[in-house]
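Let's take a walk through this structure together, with an eye on its packed regions and its empty space. Please keep the 3D view open as you read.

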Amino acid sequence: MKDLAFLFFLLPAMCFGQSSFTVGLNFGGKLGKIKLDNQANRSVSQGSKIKAGYSLGLDVSYPLTDKIFIRSGFGYENSRFDFQTEGVLWGNCIADALAVGETPKETNYYDEISIQSVIIPIDLGYVVWKKEGGEKIYFGIGGQYNGIFKTSIEQLVTKEGFDTLQETFDFEMNAAPFSGKLFAGLQYPLSKYQIYIEPNVKFTPNEFSLFFFSEGSSLIEPGLQIRLTF
């Protein structure tokens, strides 16, 4: 595993050592949603909604042939996920409410999960169409090393008759160090630069231990990347 991670770090440097590489900036957005399994408490309402994440970075690309290119670089990525738990009745709350003849108050939890990583992507692309003026259509596959440096939850807690509480705390999870990716794109000349519009789908086998759930996972994250080369 360590040898494979080292290769991911080494390839960008190898690209910089070539004479025909192009350098670019990239930024993008993606959507994440947790798949929930094995609910441990069925007396509450739980679910996951789509949450938007983002990435930005620097990349280098090198043509292996007239049709095939390799691309790497480094960047920062924040994958975000939503999880909510509604209708929780704690035992002490029930007892206190019944003692004074009131209806027990429900507590709701709204969690925003964040996985922050330094990323090293490796992409292999194939040009299926190109025009003399510089336009190209391409597709490809790729992998990504995720150097995870922080996982956290921002939690909002609401309860009728009480102040809303909000806090952020570290959250340990089994965040995967590697991802796979499929992508396609359109390259278009823009003055002295080239702009790339690139939809993609990333596959990451993250595992989550969640409130009232034994486990959850995230796998497919669709996104859109914008690249600008010099």
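The paragraphs below go from the nonpolar cores to the cavities, and then to the largest pocket.

Bear in mind that this is a predicted model. A good place to begin is the largest nonpolar core, which has 12 residues in all: I34, F81, F83, I113, I115, I153, F171, M173, A175, F208, L210 and F213. Strand 5 (68-88) and strand 6 (107-130) are the elements that give two or more residues to this core. Apart from it lies another core, of five residues, with F69, V127, Y138 and Y196 among them.

To see how one core member sits, select I34. Leaving aside neighbours within four places in sequence, I34 is in contact with F81, F83, I113, F208 and L210, and also with S48, D82, G216 and S217.

Now for the space that the atoms leave empty. Rolling a probe the size of a water molecule over the atoms shows where empty space is left. The count comes to two cavities of 30 Å³ or more. About 250 Å³ of space lies in the largest cavity, and of the 24 residues that line it, S55, I119, Q144, K181 and Q225 are the closest to its centre. Strand 4 gives the most to this lining, with five residues. By character, the lining of the largest cavity divides into seven nonpolar, 10 polar and seven charged residues.

S55 deserves a closer look. Is S55 buried or exposed? S55 counts as buried because its relative accessibility is 8%. S55 belongs to strand 4 (residues 51-63), and beyond its neighbours within four places in sequence, S55 is in contact with N26, F27, G28, Y76, E77 and Q225.

The second largest cavity has a volume of about 70 Å³. Among the residues that line it are E77, I115, A175, K202 and E221. Strand 10 gives the most to this lining, with three residues, and the lining of the second largest cavity divides into four nonpolar, five polar and three charged residues.

Last comes the open space. The largest pocket has a volume of about 340 Å³. Which residues lie nearest the centre of the largest pocket? They are S61, F69, K136, Q187 and Y196, out of 20 lining residues. The largest share of the lining, four residues, comes from strand 4. The lining of the largest pocket divides into seven nonpolar, seven polar and six charged residues. Two of the residues just named, F69 and Y196, bring us back to the five-residue core, where they are also members.

Conventions
Residues are numbered from 1 along each chain as its sequence is written. This is a predicted model: local features need pLDDT of at least 70, side-chain atom pairs count only at pLDDT 80 or more; totals for chains, interfaces and linings use all residues. Side-chain values use heavy atoms; hydrogens and water are left out. Buried means under 20% relative accessible area, exposed over 50%, partly exposed in between (1.4 Å probe, protein chains only). Contact means heavy atoms within 4.5 Å. A nonpolar core is a set of buried Ala, Val, Leu, Ile, Met, Phe, Trp, Tyr and Cys residues joined through side-chain atoms within 4.5 Å. On a 1 Å grid over the protein atoms alone, a cavity is a set of points where a 1.4 Å probe fits but cannot get out, and a pocket is an open set with protein on both sides within 12 Å along at least five of seven lines; lining residues have an atom within 4 Å of a point. Grid points are joined across faces, edges and corners, and a volume is the space filled by probe spheres set on the points. Ala, Val, Leu, Ile, Met, Phe, Trp, Tyr, Cys and Pro count as nonpolar, Asp, Glu, Lys and Arg as charged, and the others, Gly among them, as polar.
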